[in-house]
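Open the model in your viewer and keep the sequence panel beside it. We'll go from the whole chain down to single residues, one selection at a time.

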Amino acid sequence: MLLEEELGLLLKEKKLIVSTAESCTGGLLSSRLTDVSGSSDYVKLNFVTYANEAKNKILNVSWDILDNYGAVSEQCAHAMAEGLIKATNCDVAICTTGIAGPTGGTKEKPVGLMYVSVYYNGIVTVKEVRLPSNIERKEMKQRFADEALKLAVSVLNNNRIS
């Protein structure tokens, strides 16, 4: 079973609505969720907040967080999830922010670094993901989306981190 199908079954079973806010996955997570037949039962509203301005305007991520920690940070991923819940009133928020490459990384924040956050039952769970920097960009986005789906399944199954 595909990860998006597994998550869809959990969302239906628990009668939950999900929303996404994506940066490094660029809408791929939303696409995969809506590839599942019947996903209109649990997908509410999804955003691609690629630019910092979008993270601030749509998700209310503070400029303080963006300036001091950067868009690719645990703090930003956490704030994205909280902002998404407020913006959509969904039950489950899934957010991604990272560096898909092949350029743009630094020693501290290399290509292949992603933070994924899942908000559920009043708790935000953030996971740092580090993939090899030599992965082709499209494959990197797929693997980032996989990690986001895995974390969401894990959280809904009451395991904090997968």
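Residues 24 or more positions apart account for 61% of the contacts in the chain with a separation of 6 or more, a contact being heavy atoms within 4.5 Å. You're looking at a predicted model, where local features need pLDDT of at least 70 and side-chain atom pairs count only at pLDDT 80 or more, while totals for chains, interfaces and linings use all residues. Residues are numbered from 1 along each chain as its sequence is written, and side-chain values use heavy atoms, with hydrogens and water left out.

**The whole chain**

Switch to cartoon view. The chain has six helices and five strands, in the order α-β-α-β-α-α-α-β-β-β-α from the N terminus on. The radius of gyration is 14 Å, close to the 15 Å from the globule rule for 162 residues, so the chain is as compact as a globular protein of that length. (Helices, H or I with at least four residues, and strands, E with at least two, are DSSP runs numbered from the N terminus; the radius is taken over C-alpha atoms, and the rule is 2.2 Å times the number of residues to the power 0.38.) Along its principal axes, the C-alpha trace spans about 45 × 30 × 25 Å. Buried residues make up 54% of the 162; buried means under 20% relative accessible area, exposed over 50%, and partly exposed in between, with a 1.4 Å probe and protein chains only.

**Select 113-120: strand β4**

Is this strand buried or exposed? Eight of its eight residues are buried, so β4 is largely enclosed by the rest of the structure. Turn on the side chains: L113, Y115, S117 and Y119 point one way, and M114, V116, V118 and Y120 the other. In a regular strand the side chains alternate between the two faces of the sheet.

Now add the partners. Strand β3 (residues 92-98) pairs with β4 in the antiparallel sense over seven bridges, with G98 opposite M114. Strand β5 (residues 123-130) also pairs with β4 in the antiparallel sense, over eight bridges, and there V118 stands opposite T125. Strands pair if DSSP finds at least two bridges between them. Two residues lie between the strands in the hairpin of β4 and β5, where N121 takes a positive phi near 55 degrees.

**Select 137-156: helix α6**

This helix has 20 residues and reaches 29 Å from its first C-alpha to its last, close to the 28 Å expected at 1.5 Å a residue (that is, 1.5 Å times one less than its number of residues). Its buried residues, among them F144, L149 and L156, pack against α1 (3-14), α2 (28-34), β3, β4 and β5. Zoom in on the N-terminal end, which E136 caps: a side-chain oxygen lies 3.1 Å from the backbone nitrogen of K138. Just past the helix, look at N158, whose phi is positive, near 70 degrees.

**Select L7, L11, V18, V61, V92, I94 and L156**

What do these share? They have the most contacts inside the largest nonpolar core, which has 56 residues. Helix α6 gives the most to this core, with nine residues. (Such a core is a set of buried Ala, Val, Leu, Ile, Met, Phe, Trp, Tyr and Cys residues joined through side-chain atoms within 4.5 Å.) Not counting residues up to four places away in sequence, V92 touches ten-odd spots worth clicking through, including L11, V18, V118 and L156.

**Select V43, then S73**

V43 sits in strand β2 (residues 43-48) and counts as buried at 17% relative accessibility. V43 and L11 are 32 residues apart in sequence and 9.2 Å apart in space, C-alpha to C-alpha. Leaving aside neighbours within four places in sequence, V43 is in contact with V18, L33 and T34.

S73 is in the loop between α4 (63-68) and α5 (74-88), buried at 4% relative accessibility. Beyond residues up to four places away in sequence, S73 touches T97, K109 and Y115.

**Last stops: backbone oddities**

Most residues other than glycine have a negative phi, and most peptide bonds are trans. Go to P102, in the loop between β3 and β4: a cis peptide bond joins G101 and P102, with omega about 5 degrees. Then try K15, in the loop between α1 and β1 (18-22), which has a positive phi of about 55 degrees and is exposed, with a relative accessible area of 72%. Finish at N89, between α5 and β3: phi is near 60 degrees, and N89 counts as exposed at 64% relative accessibility.

Terms used: A polar contact is a pair of N or O atoms within 3.5 Å; within protein, one must be able to donate a hydrogen and the other to accept it, and residues adjacent in sequence count only if both atoms are side-chain atoms.
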